Amino acid sequence: MTTSLADVASSNVALRNFLHGLPGVDRVGADQRAAMLGTRSIKTTAKAWAVDLAIRMVDLTTLEGADTPGKVRAMCAKAVRPDPSDPSVPKVAAVCVYPDLVAQAVGALGGSGVKVASVATAFPSGRSSLDVKVAETAFAVSAGADEIDMVIDRGAFLSGDYLKVFEEIAAVKAACGEAHLKVILETGELATYDNVRRASWLAMLAGGDFVKTSTGKVQPAATLPVTLVMLEAVRDFLSATGRKVGVKPAGGIRTTKDAIKMLVLVNETVGEGWLDPDWFRLGASSVLNDLLMQRQKLATGRYAGPDYFTLD
Amino acid sequence: MFEYAPAPESRDVVDIKPSYQLFVGGEWVDSQGENRHKTINPASEEVLAEVSWATEEDVDRAVRAARKAFGPWSAMPGSERAKYLFRIARIIQERSRELAVLETLDNGKPIRESRDVDLPLVAAHFFYYAGWADKLAYAGHGPDPRPLGVAGQVIPWNFPLLMLAWKIAPALACGNTVVLKPAETTPLTALLFAEICRQADLPPGVVNIVTGAGETGAALVNHPDVDKVAFTGSTEVGRMIARSVAGSGKKVTLELGGKAANIVFDDAALDQAVEGVVNGIFFNQGHVCCAGSRLLVQESVADELLDALKRRLATLRLGDPLDKNTDIGAINSAAQLAKIRELSDLGEVEGAERWSPECPLPDRGFWFPPTIFTGVAQSHRIAREEVFGPVLSVLTFRTPAEAVEKANNTPFGLSAGVWTEKGSRILWMADRLRAGVVWANTFNRFDPASPFGGYKESGYGREGGRHGLEAYLDV
C-alpha cells in the first residue's frame, strides 16, 4: 500500500479515486457505537487516573479578538500550575493562541515544558491565499510556536478540489519546519462522516502530525462519533503506512464526563498507544476547572465551590 | 493502561423474597403440588429464590380465573383497557432499575443490556399496544374485531421480561385474558410483573402467572379452555405444541429458532459492519433466536473484515453481569452451557478453525468466551444448528446470488442482515431472503411498531406492530 500511496496525490483524479475508495461510514452505526461507549462507567481509581491524564492532554485555548498579552500571560500561568493549592496537579500539554500572541506565550512559558500552539492559515475560515497562509505559519513558527493548528480550505474540499487542500497542507507543513502540524478539518462544516474520514486521510497523506476536529467557532464541534471516525482513520493509516498520527477533538468538551468519554473512545478504538499527550489532545478551556474540581472531589470527598478554582 | 475500576450496579434496589407463590386471580396462592425449585444466579450459582412448579390443577385454577375475568375485561371499552396498559407501562418505567437488576441477576445478561435494551423495549411495547386498545376497529380486521378469550402463553429465558411484554401487551389490548408461564430458569421478573399488575389495579384474573417447567407448559397449552396458544422457544418444543393443539381449534403462534445470516458485501461500511456482526452474535451472549450466527462475508473483504473483527473482540469485556462496563455476561444455565460446548467441540472435529480472544473466565457460574469459527462450510453442523450461544460461524461468498442461496439454505428463516452502501442491493436482497426480518446496515434492532416472526422452522404468526394484533383477535 505504501508504494501506491506515493502516487495518490499525483492528480486530483487520483486523489479523488483514492479517497472515495475508502470504506464508507454508516452514520447510524457510528452514532450508536459512540453512544454505547459513552455509557461506560468510570469510577474511583480509574476516574482519578483518567482525570490526571485528561489534564495532561489539555490544549488550554484562548482565541478571541479581545485577547491581550495580559490574558495570555494569565492563561500561561494556569497552564503551568492549574491548581495553585495542589502542586501534584500535572501541567497541561500546551496553550493555544493566535499568531501575534505566540511571543507572549513563549515568554511566559519558557522552560516550563508546556508547549505553545498557534492557530494559523487565516483561522478560523481559512479564506485567504496560500501565500498569506504560509507566511502566517512562518510568522508563528519564528515567534517560537512548537505546534501549528492550521485549518483546511473547506470550500475547496466540498467542491471536490482535494488536490488544492492537499497541496496547501503540504505547503504549510513545509513552512512548519520543526513545529508539529495539527490539521483542523472543521467537521461541523464537512457535515458527513464520509467526508470526515476522507478529510482525515487527506490531512495524513499530506503530512499532518495531528488531525483536529474543529476550530471551536462552528457547531457542532468535537462530537463523540466524529472523534470515533477520526480515531479509526489514524488506526487504519498506521497499519497502512506505519506512520502514527495524533487526534485532537476541540470545541464543546466542557465537563470531566465529556473528557473521560473521549478517553474511553481512544481506549476502545485505538488502544493505549494513543493514551498519551503526544498522541491525543483535548482542545478546550473551561473543561480544565471541572477536571480540577473532580480531582479534588476524588481526593477529599467534597466538592469545593467554583470560587476555589482560578478563572484564567 | 486504562483499567476500568469495578462499577457494579447496586442490587439493593431489588427485594427478592426467599420463596414465591403462583399468581392466580389477582392473588398469591400456594401450588397444589409439592414441587418446588430454586432459581439461581447463573453468574455465581447463588440461589436467588424458590418457586413452585405448577401442577395441572394449578394451571386449571389459573385458566378458570382467566376465563372468569375475560367477560368483564373484553366488555370494557378499549379506552378503559388502554388506561390499565398505560399505567403498567409507566410503572415499568418507574421501576425499571429494579426490574433491570432483577433480570440481570436471574438471567445473567449484562446490566448494560437489561438497562438500555430490555427495559426500554418492555415499556415501549406496553405503551404501543395501549395505544391500539381503543383503535382496534381501524386495524384492518373489520369494524368490531373480537378477542379470542383466554391465551396460554409460554415464554423463554433469553429475554424474560421482554418476551412477557410481547405476549401480554397485545393480548390485553385486544381484550383477552392470559395465563403466562415464564421459563423455569428465569421466573423472577414475571413474578415482579405480577406485583406491578396489582400496583396498577389490573382486575383480578386478567393476568395470571404460573411458574414451572415443561410439564406446566404442556398442561397450559393442552388445557381445553385455552383459546389461544402463544409460544416462543425452541423449534423442538414448538413442534410438540403444534402437534398437541392440532385439531383443537386453538389459534397458535410460534416464534422458534433461527440461524440467521449476516451478509457483508465488499462495499459495506466496514467499521459499522464489524459492530453489527459483534452485536448480531454476542448481544445477550448469543441467546437470541434472531442472532446473526452465520457471518457470510464477500471473499474479497473476508481477511480485512476478520482481522477487524478479531481486533474488536479483544476489547469485549466478559464478567460480572452487574458491572456497568460488562459486555458479555453469563450463559443462562449449566444445560445451555453444555449444549454450546458440545456444538463448539463438534465444530472443531468437523474441521472448522476455532478462535477466541484472550479472555479469562470467572471460576464460578456458567461462562463461555466469544468464539469465532472460520473455514466453515454449509455442511458443518455449526452452520446448520442453532447454538444459542456466543459462537459465530464464518462463511464466504462470491456474488450476491450466492449470498442469497447460502443465506436461504437453512431450515430456519427468522432474520437476516445485509451490509452494503448500495441501496438497490439492499432491496434486491430483501426481496429474495426468506426471513421474517431483514435488517439493512444494522442488526438486532427492535421496535414495538415493527412485526417480528419467522419463515419455515422459525415459526408462524407475527408479534409486534399492527400485524401482532391479528394473533389475538378472532379474524
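**Exercise 1. Two sides of a helix**

Which exposed residues does the face of α10(B) turned away from its buried side carry? Then describe the buried side and its packing.

*Solution.* The model is predicted.

Step 1. Start with the exposed residues. D303(B) and D307(B) sit on the face of α10(B) that is turned away from the buried side.

Step 2. Locate the helix. α10 of chain B covers residues 302-313, 12 residues in total. From first C-alpha to last it reaches 16 Å, close to the 16 Å expected at 1.5 Å a residue.

Step 3. List the buried residues. They are L305(B), A308(B), L309(B) and L313(B). Seen down the axis of α10(B), the buried residues fall within an arc of 135 degrees, so they line one face of the helix.

Step 4. Recall the geometry. An α-helix has 3.6 residues a turn, so residues three or four places apart point the same way.

Step 5. Find the partners. The buried residues of α10(B) pack against three elements of chain B: β11 (261-264), α9 (270-282) and β12 (294-298).

**Exercise 2. Where chain B meets chain A**

Work out how many residues of each chain are in contact, and which elements of chain B take part.

*Solution.*

Step 1. Count. On chain B, 20 residues are in contact with 23 residues of chain A.

Step 2. Name the elements. α4 (111-132) and α9 of chain B each give two or more residues to this side. The largest share, 5 residues, comes from α9(B).

Step 3. Sort by class. The side of chain B that touches chain A has 7 nonpolar, 6 polar and 7 charged residues.

**Exercise 3. Two domains in one chain**

Give the domains of chain B and describe their contact.

*Solution.*

Step 1. Set the bounds. The domain assignment gives domain 1 (11-256 + 455-472) and domain 2 (261-440) of chain B.

Step 2. Place the centres. Taken over C-alpha atoms, 30 Å separate the centres of domain 1 and domain 2 of chain B.

Step 3. Count the contact. Domain 1 of chain B gives 22 residues and domain 2 of chain B gives 27.

Step 4. Look at the domain 1 side. α3 (96-107) and α4 of chain B each give two or more residues to it. The largest share, 3 residues, comes from α4(B). By class, this side has 7 nonpolar, 7 polar and 8 charged residues.

**Exercise 4. The whole chain**

Is the radius of gyration of chain B in agreement or at odds with that of a compact globule?

*Solution.*

Step 1. Compare. A compact globule of 475 residues would have a radius of gyration near 23 Å; chain B has 22 Å, which agrees.

Step 2. Add the spans. The C-alpha trace of chain B spans about 65 × 50 × 35 Å along its principal axes.

Step 3. Check burial. Buried residues make up 57% of the 475 residues in chain B.

How values were computed:
Residues are numbered from 1 along each chain as its sequence is written. Chains are lettered from A and ligands numbered from 1 in the order in which they are written. This is a predicted model: local features need pLDDT of at least 70, side-chain atom pairs count only at pLDDT 80 or more; totals for chains, interfaces and linings use all residues. Helices (H or I, at least four residues) and strands (E, at least two) are DSSP runs, numbered from the N terminus. The expected span of a helix is 1.5 Å times one less than its number of residues. A residue is buried if 20 or more other C-beta atoms lie within 10 Å of its own, exposed if 12 or fewer, and partly exposed in between; C-beta atoms are placed from the backbone. The arc is that of the directions from the helix axis to the C-beta atoms. Two residues are in contact if their C-beta atoms, placed from the backbone, lie within 7 Å. Ala, Val, Leu, Ile, Met, Phe, Trp, Tyr, Cys and Pro count as nonpolar, Asp, Glu, Lys and Arg as charged, and the others, Gly among them, as polar. Domain bounds come from an automatic or database domain assignment. The radius of gyration is taken over C-alpha atoms; the globule rule is 2.2 Å times the number of residues to the power 0.38.
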